[in-house]
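Welcome to this short tour. Please open your viewer, and get ready to select a few places one after another.

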Amino acid sequence: MALFHVMALDKPDALDLRLENRAAHLEWAKAAGDTVRMAGPLLADDGERFVGSVFLIEAESEEALKAFQAEDPYVKAGLFQTVDIRPFKLVISN
């Protein structure tokens with residue numbers, strides 16, 4: 001298994017779309033168990049507005065990760081403008 005860092009930035013003015021799908025997104029992430037090692041929203045400079053999401057996901061491959069993420073309600077709703085996927089090596093964890 002490999003770890004991947006995923007940073008997804010919302011489309012401009014997509015707050016309503018994010019909020020409409022937030023409960024389903026959280027349910028999807030929680031149901032994934034250990035696959036989603038860490039996740040949370042990216043915030044604007046004001047520290048309050050949502051502007052994207054960050055995930056640390058464990059998967060067999062980048063292709064498996066993309067198939068997993070395709071089931072995310074945020075992805076299905078078309079929330080993200082960009083998604084950056086990078087292999088990740090966990091060195092420090094509390």
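**The whole chain**

The protein has 3 helices and 4 strands; helices (H or I, at least four residues) and strands (E, at least two) are DSSP runs, numbered from the N terminus. Follow the chain from the N terminus and you will meet its elements in the order β-α-β-β-α-α-β.

This is a predicted model, in which local features need pLDDT of at least 70 and side-chain atom pairs count only at pLDDT 80 or more, while totals for chains, interfaces and linings use all residues. Residues are numbered from 1 along each chain as its sequence is written, and side-chain values use heavy atoms, with hydrogens and water left out.

Now show the C-alpha atoms alone: they fill a box of roughly 35 × 25 × 20 Å, taken along the principal axes. The radius of gyration is 13 Å, which agrees with the value near 12 Å for a compact globule of 94 residues. That radius is taken over C-alpha atoms, and the globule rule is 2.2 Å times the number of residues to the power 0.38.

Of the 94 residues, 31% are buried. Buried means under 20% relative accessible area, exposed over 50%, and partly exposed in between (1.4 Å probe, protein chains only). Among contacts between residues at least 6 apart in sequence, 70% join residues at least 24 apart; a contact means heavy atoms within 4.5 Å.

**Stop one: Asp-13**

Select Asp-13, in the loop between strand E1 (2–10) and H1. Is Asp-13 buried or exposed? Asp-13 is exposed, because its relative accessible area is 85%. Check its backbone too: phi is near 55 degrees, a positive value in a residue other than glycine. Most residues other than glycine have a negative phi.

**Stop two: His-25**

Move on to helix H1 (residues 15–31) and pick out His-25. With a relative accessible area of 7%, His-25 is buried. Show what surrounds His-25: leaving out residues up to four places away in sequence, His-25 touches Phe-55, Asp-72, Pro-73 and Tyr-74.

**Stop three: Asp-46**

Next, find Asp-46 in the loop between strand E2 (36–43) and strand E3 (50–59). Asp-46 counts as partly exposed, because its relative accessibility is 41%. What does the side chain of Asp-46 reach? Look for the backbone nitrogen of Glu-48, at 2.8 Å.

**Stop four: Ser-53**

Go to strand E3 and select Ser-53. Ser-53 is buried, with a relative accessible area of 3%. Display side chains here, and you can see that of Ser-53 making a polar contact with the side chain of Arg-18 (3.0 Å). A polar contact is a pair of N or O atoms within 3.5 Å; within protein, one must be able to donate a hydrogen and the other to accept it, and residues adjacent in sequence count only if both atoms are side-chain atoms. Setting aside neighbours within four places in sequence, the residues in contact with Ser-53 include Val-6, Gly-40, Tyr-74 and Phe-80.

**Last stop: Val-83**

Finish in strand E4 (residues 80–88) with Val-83. Val-83 is partly exposed, at a relative accessible area of 44%. Which residues is Val-83 in contact with, leaving aside its neighbours within four places in sequence? They are Val-6, Met-7, Ala-8 and Gln-69. Then draw a distance from Val-83 to Gly-52: they are 31 residues apart in sequence and 9.5 Å apart in space, C-alpha to C-alpha.
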